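Reader: Could you take me through this structure? I would like to begin with contacts between charges and rings.

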Amino acid sequence: EVMVREFKLSTGLNESRIKENWGTVMGTMIAKHTTGISLRKGKLYLNIDSAALKHELNYSKEKIKEIFK
């Protein structure tokens, strides 16, 4: 099951920058379970194939925002 999470981020972010650095910044395990990344109107949308990881990332919204500022 693919879960989609939404994070509000600054509009200056570049989707390709996030995709290029996702595995390095977030770690191999998170990258392995991330099946899609898109940025629309300043919101980061993630497709996650693990309900437990989706839950964990939901709690890490602020950390993720800070990392990709």
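Author: In this predicted model, Arg-40 lies over the face of Tyr-45, at 4.0 Å from the ring centre.

Reader: And how many aromatic pairs are there?

Author: The count of aromatic pairs is zero.

Reader: Back to Arg-40 and Tyr-45, then. How do strands E2 and E3 pair?

Author: E2 covers residues 34–40 and E3 covers residues 43–48. The two strands pair in the antiparallel sense, over six bridges.

Reader: Which residue in E3 does Gly-36 stand opposite?

Author: Gly-36 stands opposite Asn-47.

Reader: What do E2 and E3 form, and how many residues lie between them?

Author: They form a hairpin, with two residues between the strands. Lys-41, in the turn, has a positive phi of about 50 degrees.

Reader: Let me step back a little. How many helices and strands are in the chain?

Author: The chain has four helices and three strands. Read from the N terminus, their order is β-α-α-β-β-α-α.

Reader: What percentage of the residues is buried?

Author: Of the 69 residues in the chain, 33% are buried.

Reader: Now the largest nonpolar core: how many residues does it have, and which have the most contacts inside it?

Author: The largest nonpolar core has 13 residues. Those with the most contacts inside it are Ile-18, Trp-22, Met-26, Leu-44, Leu-46, Leu-57 and Ile-64. The elements that give two or more residues to this core are helix H1 (15–26), E2, E3 and helix H3 (51–59).

Reader: Take H1 alone. Which of its residues are buried?

Author: Ile-18, Trp-22 and Met-26 are the buried residues of H1. They lie on the same side of H1, because they cover an arc of only 55 degrees around the axis.

Reader: What is exposed on the other side of H1?

Author: Glu-20 and Thr-24 are exposed there.

Reader: Same question for H3: which residues are buried?

Author: In H3, the buried residues are Leu-53, Lys-54 and Leu-57. Their directions span an arc of only 105 degrees around the axis, so they are on the same side of H3.

Reader: And which exposed residues are on the face turned away from the buried side of H3?

Author: That face of H3 carries Ala-51, Ala-52 and Tyr-59, which are exposed.

Reader: Changing topic to electrostatics, how many salt bridges does the structure hold?

Author: There are two salt bridges. In one of them, the side chains of Lys-19 and Glu-15 meet, at 3.0 Å from N to O. In another, the side chains of Lys-65 and Glu-62 meet, with an N to O distance of 3.3 Å.

Reader: Where do Lys-19 and Glu-15 lie, and how many residues apart?

Author: Both are in helix H1, four residues apart, which is about one turn of the helix.

Reader: What about Lys-65 and Glu-62?

Author: Lys-65 and Glu-62 both lie in helix H4 (residues 61–67). They are three residues apart, about one turn of that helix.

Reader: Is Lys-19 buried or partly exposed?

Author: Lys-19 is partly exposed, with a relative accessible area of 43%. Its partner Glu-15 is also partly exposed, at 26%.

Reader: And for the pair in H4, is Lys-65 partly exposed or buried?

Author: Lys-65 counts as partly exposed, because its relative accessibility is 22% and buried means under 20%. Glu-62 is exposed, with a relative accessible area of 51%, since the cut-off for exposed is over 50%.

Terms used
Residues numbered from 1 in each chain as written. Predicted model: local features only at pLDDT ≥ 70, side-chain atom pairs only at ≥ 80, totals over all residues. Heavy atoms only, no water. Phe/Tyr/Trp six-rings, centres within 6.5 Å; stacked < 30°, edge-to-face > 60°. Lys NZ or Arg CZ within 6 Å of the ring centre and 35° of its normal. Pairing = 2+ DSSP bridges. Core = buried A, V, L, I, M, F, W, Y, C linked by side-chain atoms within 4.5 Å. Buried < 20%, exposed > 50% of the residue type's maximum accessible area, 1.4 Å probe, protein only. Arc of directions from axis to C-beta. Salt bridge = Lys/Arg side-chain N within 4 Å of Asp/Glu carboxyl O.
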